[in-house]
Amino acid sequence: MKRILSGIQPSGRPHLGNYLGAMRQHIEMQENFECYLFIADLHALTTVKDPKLMHDQTYDLATSYLALGLDPKKTVFFKQSDLSEHAELCWILDCMVKIPFLERAHAWKDAKQKGNKDVSVGLFNYPILQAADILLYEPDLVPVGQDQKQHIEMTRDIATTFNTTFGETFKLPEAYIKEEVAVVPGTDGQKMSKSYGNTIEIFAPEKELKKQVMGIITDSIPLEDPKDPKSCNVFKLYKLIASKEDTQELANKYMAGGFGYGDAKKTLLTKILEYFAEAREKYEEIYQKKDFVYGVIEEGNKKAKETSSKTLEKVKKKIGYIR
Ligand code: AQP
């Protein structure tokens, strides 16, 4: 059976971009793959500096995954900071990588371009920690959104450098990106992203969710005029969660005219609430079961450690740290 691994940061409530670009694939793939999935809280420290928020968002993310259908019997679900192997391998890989290589990373280039002087060494180092996260579990595939493609390529390069220096050690993983959901647009048309404040959060209270959906930016074509569905952010999101028939029906309404963007947003909100109805209900239920949620992570941590400690031992032997 092929193995997959992926992670997600507890840096805010999961949004439609996280779900469609990554989480949905993680849950679907647990039926046919050996799955490792982790809460990337070491990465989240680059932005989350409030301990209560770190704790609450981690719990929220674990609950969200379980509500969306993550089955702890099928997926090894663990928390990155509980496994010291990630930070240990990160240091070893730090010593394999030259600074200009890291300067090519999009996240770093973006931060520099925006004149952000507050960028931490952690953010600069992010692709190396990510390489450690992946390589420890020797996955075949890493299901992610398009924004992570470069990081997976960097992981392959880092693994190749280590293998060339110390002999064949790491398996090279492939990114698994679903084209139609590679970049889910946010309420302003840019990539949906927590840091852009343009998200639609799948477990937000209904009132908040409504505000996010009603805030989607559209053009100013009058209600009575025909509209082009393909160029509308509301329609682009609707298409990703609706059936073909419902999508066609909405497209027809756009093209016929007499159908305003406010109507389209209400149709999208109804669809989101319908699509996530079961998960939203489960979320409320699971959220109360603290022992269960922490128990799942504890169990996942143990299983993850069995795999990651073996890889780290292999690496340490190659380096000459242990015999
Ligand atoms: N808009 C998106 N479209 C498709 N996939 C997306 N992902 C994120 N946004 C989109 C995918 O979600 C997974 C988890 O992402 P993450 O939690 O590691 O954080 P991220 O990529 O950093 O998500 P954000 O919201 O964009 O956070 P910030 O603002 O902190 O950068 C990944 O597989 C990602 O590709």
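How many residues surround the ligand, and which are the closest? The ligand has 20 residues around it, and the closest are His15, Asp147, Ser193, Lys194 and Ser195. Keep in mind as you explore that this is a predicted model.

## Around the ligand

Let us begin with the polar contacts. The side chain of His15 places an N or O atom 2.7 Å from an oxygen atom of the ligand. Two backbones also take part. A polar backbone atom of Val184 is 2.8 Å from a nitrogen atom of the ligand, and a backbone N or O atom of Met192 lies 2.9 Å from a ligand nitrogen atom. On its own the ligand has 640 Å² of accessible area, and the protein covers 92% of that area.

What kinds of residues make up the shell around the ligand? By class, there are 8 nonpolar, 9 polar and 3 charged residues in this shell. Helix H1, which runs over residues 16-29, provides the largest share of the shell, with 4 residues.

## The largest pocket

Where does the ligand sit? You will find the ligand in the largest pocket. This pocket has a volume of about 1500 Å³. It is lined by 49 residues, and those closest to its centre are Gln9, Tyr126, Asp147, Lys191 and Ser193. Two of these names may look familiar: Asp147 and Ser193 are also among the residues closest to the ligand.

Several elements help to build the lining of the largest pocket. Strand E1, helix H1, helix H6 (106-113), helix H7 (121-135) and helix H8 (149-166) each supply at least two residues. The largest share comes from H7, with 5 residues. So H1 gives the largest share of the shell around the ligand, while H7 gives the largest share of the pocket lining. By class, the lining of this pocket divides into 20 nonpolar, 21 polar and 8 charged residues.

## The second largest pocket

Now move on to another open space. The second largest pocket holds about 270 Å³ of space. Of the 13 residues lining this pocket, Glu180, Val181, Lys236, Lys239 and Leu240 are the closest to its centre.

Which helix gives the largest share of this lining? That is helix H10, spanning residues 233-241, with 4 residues. The lining of the second largest pocket has 6 nonpolar and 7 charged residues, and no polar ones.

## A cavity inside

Rolling a probe the size of a water molecule over the atoms shows where empty space is left. In this structure there is 1 cavity of 30 Å³ or more. The volume of the largest cavity is about 40 Å³.

Which residues line the largest cavity? They are Ile4, Ser6, His26, Cys35, Tyr36, Leu37 and Thr75. Strand E1 (3-8) and strand E2 (34-39) each contribute at least two residues to this lining, and E2 gives the most, with 3 residues. The lining residues of the cavity comprise 4 nonpolar and 3 polar ones, with no charged residue. Strand E1 thus appears twice in this tour, in the lining of the largest cavity and in the lining of the largest pocket.

Notes:
Residues numbered from 1 in each chain as written. Predicted model: local features only at pLDDT ≥ 70, side-chain atom pairs only at ≥ 80, totals over all residues. Heavy atoms only, no water. Near = heavy atom within 4 Å. Polar contact = N/O pair within 3.5 Å; in protein donor to acceptor, adjacent residues only side chain to side chain. Areas by Shrake-Rupley, 256 points an atom, 1.4 Å probe, with all protein chains shown as cover. 1 Å grid on protein atoms, 1.4 Å probe; cavity = no way out; pocket = protein on both sides within 12 Å on 5 of 7 lines; lining within 4 Å. Sits in = over half its atoms within 2 Å of the grid points. Nonpolar A, V, L, I, M, F, W, Y, C, P; charged D, E, K, R; others polar. Points joined across faces, edges and corners; volume = space filled by probe spheres on them.
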